[in-house]
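Student: Please take a close look at a single part of this model and then set that part against its wider surroundings. I should like one connected account, with the numerical values given where they bear on the reasoning.

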Amino acid sequence: MSISIENYKKIKLELESKNITLVAVSKLKPTSDIETLYNLNQIDFGENYVQELVQKQIDLKHLNINWHFIGHLQTNKVKYIAPFVYLIHSVDSLKLLQEINKQAQKNKRTINCLLQVYIAKEETKFGLDENEINDIYKEIADGKLNYINILGFMTMASFVNDEKIVEKEFEYFMNIIKSYTNKNTILSFGMSQDYKIAIKMGSNMVRIGSLLFGARS
Ligand SMILES: *Cc1c(COP(=O)(O)O)cnc(C)c1O
């Protein structure tokens, strides 16, 4: 399956009127696909794998891309993306956040992060629960994480066809984070198959891959 400029333009139009940011998820896709969308003014791209992201960042250094890291991040790999990453969506433990803070300080920058919230019933999905989110905000209030900026929250629904289930999960997500949000909070949820539901439930940043670039093999 290959890239669809038609889908890109259609989705972009749909999102623009609602002020929703599109992160084009380019994992496992060639840099030529990224360049194609970049030439249509797409600057936000999402990647899942550290090694792949690092290589693409080198290959496309001449472009002004905002690199989003959206996959599960291992603590020992933070150092590779810390120099350039634009936004890490997938913070799923205090330990990981502490490592991001440490690597940000080493690189003399602050790193923007989203807290990934666990809502799906599937055991393979990562994320924080309410208590863990609380603990992280306590650490921040104590002034211990000065090189990170928490800009909002990210989540992933179960991979099911039943829209009601997805809607319930997104509703649960919005409830958990309610007390930490304001009008500027980034809410990153919605993928190819559920982005319309996500928008209905209040998403302001969607992460779309296969609808833009075609199915991944
Ligand atoms: C792969 C991925 C996406 C995009 O998925 P599509 O179904 O291809 O749109 C979004 N978010 C995360 C965290 C992903 O891993």
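**A loop and its surroundings**

Tutor: Threonine 185 is located in the loop that runs between α7 (163–177) and β7 (186–188). The model is a predicted one, and the values that follow are computed from it. Because its relative accessible area is 8%, under the cut-off of 20%, threonine 185 counts as buried. The side chain of threonine 185 also has a polar contact, reaching the backbone nitrogen of asparagine 182 at 2.8 Å.

Asparagine 184 belongs to the loop between α7 and β7 as well. What is the relative accessible area of asparagine 184, and is the residue buried or exposed? The value is 59%, over the 50% cut-off, so asparagine 184 is exposed. Thus the loop holds a buried threonine 185 and an exposed asparagine 184. From asparagine 184 to leucine 37, the C-alpha distance is 27 Å, with the two positions 147 residues apart in sequence numbering.

Other loops can be read in the same manner. Asparagine 19 is placed between α1 (5–16) and β1 (21–25), in the connecting loop. Its relative accessible area is 69%, so asparagine 19 is exposed. The backbone of asparagine 19 has a phi near 60°, which is positive although the residue is not glycine. Leucine 28 is found in the loop between β1 and α2 (31–38). For leucine 28, phi is near 65°, again a positive value in a residue other than glycine.

Histidine 72 occupies the loop between β3 (66–69) and α4 (78–81). With a relative accessibility of 38%, histidine 72 falls between the 20% and 50% cut-offs and therefore counts as partly exposed. Histidine 72 is 42 residues from proline 30 along the chain, and their C-alpha atoms are 21 Å apart.

A helix position may be set beside these loop residues. Lysine 95 is part of helix α5, which spans residues 94–106. Its relative accessible area of 57% is over 50%, so lysine 95 is exposed. Lysine 95 and glutamate 163 are 68 residues apart in sequence, and their C-alpha atoms are 34 Å apart in space.

The remaining part of the setting is the ligand site. The ligand is found in the largest pocket, with 13 residues around it. The closest of these residues are Lys27, Asn48, Ser192, Ser210 and Arg216. Divided by class, the surrounding shell contains 6 nonpolar, 4 polar and 3 charged residues.

Which polar distances link side chains to the ligand? For lysine 27, an N or O atom of the side chain lies 2.8 Å from an oxygen atom of the ligand. For serine 192, the corresponding distance between a side-chain N or O atom and a ligand oxygen atom is 2.5 Å. Arginine 207 approaches a nitrogen atom of the ligand, with one of its polar side-chain atoms at 2.8 Å. Taken alone, the ligand has 390 Å² of accessible area, and the protein covers 93% of that area.

Note on methods: Residues numbered from 1 in each chain as written. Predicted model: local features only at pLDDT ≥ 70, side-chain atom pairs only at ≥ 80, totals over all residues. Heavy atoms only, no water. Near = heavy atom within 4 Å. Polar contact = N/O pair within 3.5 Å; in protein donor to acceptor, adjacent residues only side chain to side chain. Areas by Shrake-Rupley, 256 points an atom, 1.4 Å probe, with all protein chains shown as cover. 1 Å grid on protein atoms, 1.4 Å probe; cavity = no way out; pocket = protein on both sides within 12 Å on 5 of 7 lines; lining within 4 Å. Sits in = over half its atoms within 2 Å of the grid points. Nonpolar A, V, L, I, M, F, W, Y, C, P; charged D, E, K, R; others polar. Helix = DSSP H or I, 4+ residues; strand = E, 2+ residues; numbered from the N terminus. Buried < 20%, exposed > 50% of the residue type's maximum accessible area, 1.4 Å probe, protein only.
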